[in-house]
Amino acid sequence: EPDGSSWERLIHPDDMPSVLETLNNHLENQVPLYKTEHRIKTKSGEWKWILDTGKVTKRDAAGKALRAAGTHIDISERKENEKHVKIEHELDSKLARSKSLDQTIMICLAYAIEHAQMDCGGFYIEDGSQGSFNLYKQIGFSDEYIKKTSSFPPDSPNAKIILDGKPFYTKEKNILKNDHSKKTDDLNSFVLLPVIHSNKVIGSLNVASGSSESIPEFSRTILEKIALQIGSFVIQSRNEDKLHQNQQDFNTLFNTIDDFLFILDLEGKMIFFNSVVTKRLGYNKKELFQQHVLMVHPPKRHAEANCKIEGMLKGTEEVCRVPLITKKGREIPVETIVKRGSWGGKDVLIEISRDTRERIKYEREIKENTERLEMALLASDAGLWDWNVSTKEIILNKKWFSLRGYDAIKANYDID
């Protein structure tokens, strides 16, 4: 027959102190109502959360409690939801501080194992080129087990289960192994949770338990929510890796050209520049970053440079010949073009300046050589002809005529 002592034996040991304190406070008339949330043991041995509410209905003349009545309401589902929310908030907080995919996966694995009461687990990521699933990170797997489960080929039973896209719970001991004839760990239950992003399977969260032969519903809910979260982090990390690789490719390309390259925001401030800029102008990156591009042009010609840049953006100017100036004040003659473009998803101005010193030197040398050649030809005893193939026009000097016995003046044909 139920009595107070048998009721107390059903209360979870961790909850007993607070339950007794609340009950005694009400019995002693310190609070008007007895109300507590605690766990009680069911017939099956499981623990169920209840809201226990009661009130003393009869006291003696001295105020001592003689009789009380109350209710028990099952609040297990609410408590589970609260626990889920708490776990999710804790997980979100840790993931927000994660600085890499490796760290993110390890956080998710640790949470999955701890809060779903599992013993070990691993995250498998799809190899886009081969279609296999390869072990990326793990916690608790033995070396022997890792050897047997490091990769699931696309035609393996494991890969097929993952690609099915549905959570898979089993007691089959060899479901996670490539070699089904050998046992590698004393594990009793396994879970394969496909990780999906945009309706595509990109990996799998696999966990196992050696102490439990079944996965409670509460644990399943936690595992499936964690698997849902992992997908977005994997894709984000892949996109960041691609962006980083693209940035490296851009840097490699930009740093192999000899021209000065500037990426400017719409206010004209430098947000990127290649190594030619820092090496030849003598500045370091910090000195140039977020500074206006006019900083690298002679101060006395800022107005001219501004005018030319605005003209190029409007299409009225083709080039700006305002020189660049080094940190030490030495001018470098350049021809600059400015175009509108996009950088990192934002509208920018792209400025390319080409050093014209070599070209000017080359043009000067050509001019000098041409003049010398003309002088040499005039002083030489050679008949000279010049034929314009397209117009059929031929120009001849006096010597050409005299070599053939003609008088150039009478022929009225003289190029001297």
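# Exercises on cavities, sheets and turns

The largest cavity has a volume of about 50 Å³. It belongs to a predicted model, and the exercises below start from that cavity and then move outward to the pocket, the sheet and the turns.

## Exercise 1. The enclosed space

Determine which residues line the largest cavity, and which elements give two or more residues to that lining.

Step 1. The lining of the largest cavity consists of H84, I87, E88, L91, I222, K225, I226 and Q229.

Step 2. Placed on the secondary structure, the elements that give two or more residues to this lining are helix 3 and helix 7.

Step 3. By character, the lining residues of the largest cavity divide into 4 nonpolar, 2 polar and 2 charged.

## Exercise 2. The open space

Describe the largest pocket: what is its volume, which residues lie closest to its centre, and which element gives the largest share of its lining?

Step 1. The volume of the largest pocket comes to about 630 Å³.

Step 2. The pocket is lined by 17 residues, of which W47, K48, W49, E80 and F218 are the closest to its centre.

Step 3. Two or more lining residues come from each of strand 2 (47-59), helix 3 (76-96) and helix 7 (217-254), and helix 3 supplies the largest share, 4 residues.

Step 4. The pocket lining divides into 4 nonpolar, 6 polar and 7 charged residues.

## Exercise 3. A histidine in helix 4

Decide whether H115 is buried or exposed, and list which residues it touches beyond four places in sequence.

Step 1. H115 has its place in helix 4.

Step 2. The relative accessible area of H115 is 15%, and since buried means under 20%, H115 is buried.

Step 3. Leaving aside residues up to four places away in sequence, H115 touches I87, E90, F218 and I222. Of these, I87 and I222 also appear in the lining of the largest cavity, while F218 is among the residues closest to the centre of the largest pocket.

## Exercise 4. The six-stranded sheet and its helices

Work out in what order the 6 strands of the open sheet stand, which strands are at its edges, and which helices lie across its strands.

Step 1. The order of the open sheet is 6-5-4-9-8-7, with antiparallel pairing.

Step 2. Strand 6 (151-152) and strand 7 (168-170) each have a single partner strand, so they stand at the edges and one side of each is left without a neighbour in the sheet.

Step 3. Within the sheet, strand 8 (residues 189-197) and strand 9 (residues 200-209) are joined in the antiparallel sense over 9 bridges, and H197 stands opposite K200 in strand 9.

Step 4. Helix 4 (residues 101-115) lies across strand 4 (120-126), strand 5 (133-139) and strand 9, and runs at about 65° to strand 5. Helix 7, for its part, lies across strand 4, strand 7, strand 8 and strand 9, at about 40° to strand 8.

## Exercise 5. Two hairpins

For the hairpin of strand 1 and strand 2 and the hairpin of strand 16 and strand 17, find how many residues stand between the strands and which residue has a positive phi.

Step 1. Strand 1 (residues 34-41) pairs with strand 2 in the antiparallel sense over 8 bridges, and E37 stands opposite L51 in strand 2. Between these two strands there are 5 residues, and G45 in the turn has a positive phi of about 95°.

Step 2. Strand 16 (residues 385-388) and strand 17 (residues 393-396) run antiparallel and are joined by 4 bridges, with W385 opposite L396 in strand 17. This hairpin has 4 residues between the strands, and K392 takes a positive phi near 70°.

## Exercise 6. Positive phi in loops, and a lysine

Locate N29 and Q117 in their loops, and then state which residues K308 touches.

Step 1. N29, found in the loop between helix 2 (16-27) and strand 1, has a positive phi of about 65° although it is not a glycine.

Step 2. Q117 is found in the loop between helix 4 and strand 4, where its phi is near 60°, a positive value in a residue other than glycine. Its relative accessibility is 56%, and because exposed means over 50%, Q117 counts as exposed.

Step 3. K308 lies in helix 10 (residues 302-314) and counts as partly exposed at 24% relative accessibility. Residues up to four places away in sequence not being counted, K308 touches E317, V319 and C320; the C-alpha atoms of K308 and V319, 11 residues apart along the chain, are separated by 7.3 Å.

Notes. Residues are numbered from 1 along each chain as its sequence is written. This is a predicted model: local features need pLDDT of at least 70, side-chain atom pairs count only at pLDDT 80 or more; totals for chains, interfaces and linings use all residues. Side-chain values use heavy atoms; hydrogens and water are left out. On a 1 Å grid over the protein atoms alone, a cavity is a set of points where a 1.4 Å probe fits but cannot get out, and a pocket is an open set with protein on both sides within 12 Å along at least five of seven lines; lining residues have an atom within 4 Å of a point. Grid points are joined across faces, edges and corners, and a volume is the space filled by probe spheres set on the points. Ala, Val, Leu, Ile, Met, Phe, Trp, Tyr, Cys and Pro count as nonpolar, Asp, Glu, Lys and Arg as charged, and the others, Gly among them, as polar. Two strands pair if DSSP finds at least two bridges between them. Contact means heavy atoms within 4.5 Å. Axes are lines fitted to C-alpha atoms, for helices over the stretch in contact, and angles run from 0 to 180 degrees between N-to-C directions. Buried means under 20% relative accessible area, exposed over 50%, partly exposed in between (1.4 Å probe, protein chains only).
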